[in-house]
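The following paragraphs offer a guided reading of a protein model for those who have not met it before. Please keep the sequence and the three-dimensional view at hand while reading.

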Amino acid sequence: MLSLMVQKPPNASCWTPLKQDRIVGLLLEWEKRDANSRLFGGDVEAVAFILGLNKILVDLLLLDSSTVGPLRSWILSKPGGIAVYWGQGDGEGTLTETCNSGLYKYVNIAFLFKFGNGQTPQLNLAGHCDPASGGCKSLSNDIRNCQNRGITVLLSIGGGAGSYTLTSQNDARAVAQYLWDNFLGGHSNNRPLGDAVLDGIDFDIEQGGSQYYTDLAGRLYQLGLGGGKKLYLSAAPQCPFPDRWTNAALKTGLFDFVWIQFYNNPECEFSPSNPNAFKSSWSKWTSSIPAKKFFVGLPASPSAAGNGFVGANYMNSQVLPFVKQSPKYGGVMLWDRGYDKRTGYSSQFIINV
């Protein structure tokens, strides 16, 4: 049985691989317990222990990758994981740094903000690189690094600001072919992210109408069947059910991951004073949409969204214990890497994901 005696952890640089194996053992032992009920049932020592363990875990993950294999493997082997959006954040660092942090199982590269209606699709990665001049092709090395670490890397299309819409079935099929040829298993002489093959496409549709995304998803699925590699489809709907833009597409059963945006929507966000609104929304989504895994989408800082931020104490004590009861639980999605890097938000609940 795991002792809950609280001790000040040594500096992370002192931890040898052998001692890290011991930490993994402690984490696994913790998982065997009914940790959440004990942790927040008035057990002050347990609270201090788990918060300290979180800090040790993150400090270790920041060390050289050759010394943190056991911890990284443990995180990737857990049924739940953290997804993060990368590409738009100020000060978020490189894609390689993001994946090397050891915090994430899924990374959405954001965004392909222009597509459909006969437009030439256009990628925007804020200040990271200039796709128009071919400056983002070097990201292929970063993408492969992430994938070699077991991280699923997707291209997110849409976003809160952009110029995108689908006007017909043929339009949807043309966009699907473009995505396949330029980011997935197809071939093109001008792939914006170089020759790396992404793992799938994320639908972050927040404007431009709701029609023909069923056709886009269906065509991507068909192309993926002949590609020799699993093609993942994900979506980031708003928490009010049904979603205004992607409801029909989500009902096809083709989506692997659904990261529900439980922010900027007070009627279904988590609130300590009214947790039932969130719980009801989560239950409605997981029981109504035939996707494989569902994630709680949250801002990684109070300033990352208008509202909807959930403090780590509530994540550990209420949100995660509830959502993990679902057989379709997949983890947590965060907007975005830049905010998470500045606040260390994910590190405060990662071992409970």
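Contact, as the word is used here, means heavy atoms within 4.5 Å. The model to which this is applied is a predicted one.

An overview of the protein chain comes first. The chain has twelve helices and ten strands. Of its 353 residues, 54% count as buried. Its accessible surface amounts to about 14500 Å², and carbon and sulfur atoms account for 50% of that area. If one takes the contacts between residues at least 6 apart in sequence, 74% of them join residues at least 24 apart.

Helix α6 may serve as a starting point for the details. This helix spans residues 139-148, and its buried residues are Leu139, Ser140, Asp142, Ile143, Asn145 and Cys146. Against which elements do the buried residues of α6 pack? They pack against two strands, β1 (81-86) and β2 (106-115), against helix α5 (95-100), and against a further strand, β4 (152-159). Just after α6, glycine 150 adopts a positive phi of about 85°.

Attention now turns to a pair of helices later in the chain. Helix α7, residues 169-183, packs with helix α8, residues 213-225, at an angle of about 40°, and their axes lie 8 Å apart. Because of this angle, α7 is oblique to α8. The two helices cross in a right-handed sense. On the α7 side, the residues that meet α8 are Gln169, Ala172, Arg173, Val175, Ala176, Gln177, Leu179 and Trp180. Their partners in α8 are Asp215, Leu216, Arg219, Leu220, Gln222, Leu223 and Gly224. Sorted by class, the residues of this contact comprise eight nonpolar, four polar and three charged.

A second pair is formed by helix α10 (residues 275-288) and helix α11 (residues 312-323). These two pack at an angle of about 20°, with 11 Å between their axes. Angles under 35 degrees count as roughly parallel, and α10 and α11 are therefore roughly parallel to each other. The crossing of α10 and α11 is right-handed. Which residues of α10 and α11 meet? Helix α10 contributes Pro275, Phe278, Lys279, Trp282 and Ser283, while α11 contributes Gln318, Val319, Phe322 and Val323. The contact of α10 with α11 has six nonpolar residues, two polar residues and one charged residue.

Notes. Residues are numbered from 1 along each chain as its sequence is written. This is a predicted model: local features need pLDDT of at least 70, side-chain atom pairs count only at pLDDT 80 or more; totals for chains, interfaces and linings use all residues. Side-chain values use heavy atoms; hydrogens and water are left out. Axes are lines fitted to C-alpha atoms, for helices over the stretch in contact, and angles run from 0 to 180 degrees between N-to-C directions. Helices (H or I, at least four residues) and strands (E, at least two) are DSSP runs, numbered from the N terminus. Angles under 35 degrees count as roughly parallel, over 145 as roughly antiparallel, 65 to 115 as roughly perpendicular and the rest as oblique. A crossing is left-handed if the near helix is turned anticlockwise from the far one by less than a right angle, and right-handed if clockwise. Ala, Val, Leu, Ile, Met, Phe, Trp, Tyr, Cys and Pro count as nonpolar, Asp, Glu, Lys and Arg as charged, and the others, Gly among them, as polar. Buried means under 20% relative accessible area, exposed over 50%, partly exposed in between (1.4 Å probe, protein chains only). Accessible areas come from the Shrake-Rupley method with a 1.4 Å probe; for residues, only the protein chains shown count as cover.
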